[in-house]
Amino acid sequence: MPVSSPAEVPASASVRLRLAALARAAALAIRGVVGLDAGPAGMSMTASEGLRVDGVVCAALPDGRYHVSVHLVAAMVALRPLADAVRTRVERDVAIAGLADRLGPVDIAVEDVQVRTEAGS
Amino acid sequence: MILLLRALMRLLGFLLLIALALVGLGFALAALFGDELGVQLDGSSVGRWLERLEGDGTQVLEAVIGGGMVLLGLLLLIGALAPRRERRAVLEQGEDGTLDARRRPLAQMFTALAERTRGVTHAKAKLRLGRQVRHGRLVLRAERPRTTESSAVREAVRSNVGELAAAFGLKTRVQAPLGRRGRRVQ
């Protein structure tokens, strides 16, 4: 079942799944992120215990932390500030959830760009 | 091309495995129950073919088939060993993580930036990424009306996309041919 909010993930769920849900919500809260993308084969996701977070890949590191990759669809904005904003928001939300020590590097992968047409802008 | 080879490799690999299993089964049955089943190579067409090969050396047909099989084997190896991950344009890579983008949306961004340039009627970006990180080539075709100088358009487009292209380590080439009739100037 796809997860759209961290509230849908039970507290007993794995840290991996909780981190993924937090990262997804954090990324979507940033202006300039149009959406998250699980890729053409739907492989860019984190699944555990029957739940699935699309667009975020959470992988365990040897030191006990988790490497988070956020696969996003961006608006036509500067990418570096966008990535910084997403990282900062993910770090903040993860810290609020008490999982700061489990968060490793956060990769930002731009899977698509939504270029607004003249008629739509 | 690589995708095609990969699909071909999967299909042929599957068919070859079935063929190999059937041949193996046939040989096993012939070895175990050859006499009861009446399998005899002496005097059969296979036996005669083997005798001809041994007697006259390599024949043209056999050489072509052999060469074809070697070529097929090489193609299958390429399909099996070619890198599976698509090349991505990396903007930054550090301890905090990586920021990268797929080729197609990045080309869309360059197209959109070029089309926003004054005097450009239509633009198209072609992006080729190198094997190494932060290596690639961007070719931008920005069409212009007769009233605009080619060099001015090239310069303006270069100034619009230059920063982003440099951030991704792309070598940029801008072409500014005359546009087709009916296309509007930005």
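Biologist: How many residues does each chain give to the contact between chain B and chain A?
Modeller: Chain B contributes 14 residues and chain A contributes 15 residues, where two residues are in contact if their C-beta atoms, placed from the backbone, lie within 7 Å. This is a predicted model, in which local features need pLDDT of at least 70 and side-chain atom pairs count only at pLDDT 80 or more, while totals for chains, interfaces and linings use all residues. Residues are numbered from 1 along each chain as its sequence is written, and chains are lettered from A and ligands numbered from 1 in the order in which they are written.

Biologist: Which elements of chain B give two or more residues to that side?
Modeller: They are β1 (89-94), β2 (97-101) and α4 of chain B. The most comes from β2(B), with 5 residues. Helices (H or I, at least four residues) and strands (E, at least two) are DSSP runs, numbered from the N terminus.

Biologist: And what is the mix of residue classes on the side of chain B that touches chain A?
Modeller: That side has 6 nonpolar, 3 polar and 5 charged residues. Ala, Val, Leu, Ile, Met, Phe, Trp, Tyr, Cys and Pro count as nonpolar, Asp, Glu, Lys and Arg as charged, and the others, Gly among them, as polar.

Biologist: Which strand of chain A is joined to β2(B)?
Modeller: Strand β6 (residues 103-114) of chain A is; it runs parallel to β2(B), and 3 bridges join them. Two strands pair if DSSP finds at least two bridges between them. In this pairing, V110(A) has A101(B) in β2(B) as its bridge partner.

Biologist: Turning to the sheet within chain B, in what order do its 3 strands lie?
Modeller: The order is β3-β4-β5 in an open sheet with mixed pairing. At the edges stand β3 (122-129) and β5 (170-175) of chain B, each with a single partner strand, so one side of each has no neighbour in the sheet. On average, neighbouring strands are turned by 15 degrees against each other, direction ignored.

Biologist: Do β4(B) and β5(B) run in the parallel or the antiparallel sense?
Modeller: Strand β4 (residues 136-143) of chain B pairs with β5(B) in the parallel sense, over 6 bridges. Within that pairing, G136(B) stands opposite L170(B) in β5(B).

Biologist: What packs on this sheet?
Modeller: One helix there is α4(B), which touches β3 and β4 of chain B and whose direction makes about 145 degrees with that of β3(B). Another is α5(B), touching β4 and β5 of chain B, with its direction at about 160 degrees to that of β5(B).

Biologist: At what angle do those two helices pack against each other?
Modeller: Helix α4 (residues 103-115) and helix α5 (residues 150-167) of chain B pack at about 150 degrees, with their axes 8 Å apart. That makes α4(B) roughly antiparallel to α5(B), a term for angles over 145 degrees. Axes are lines fitted to C-alpha atoms, for helices over the stretch in contact, and angles run from 0 to 180 degrees between N-to-C directions.

Biologist: Which residues meet there?
Modeller: From α4(B), M109(B), F110(B), L113(B) and A114(B) meet V157(B), N160(B), V161(B) and L164(B) of α5(B). By class, this contact has 7 nonpolar residues, 1 polar residue and no charged ones.

Biologist: Finally, how many helices and strands does each chain have?
Modeller: Chain B has 5 helices and 5 strands, in the sequence pattern α-α-α-β-β-α-β-β-α-β. Chain A has 2 helices and 6 strands, following α-β-β-β-β-β-α-β.

Conventions: Parallel < 35°, antiparallel > 145°, perpendicular 65-115°, else oblique.
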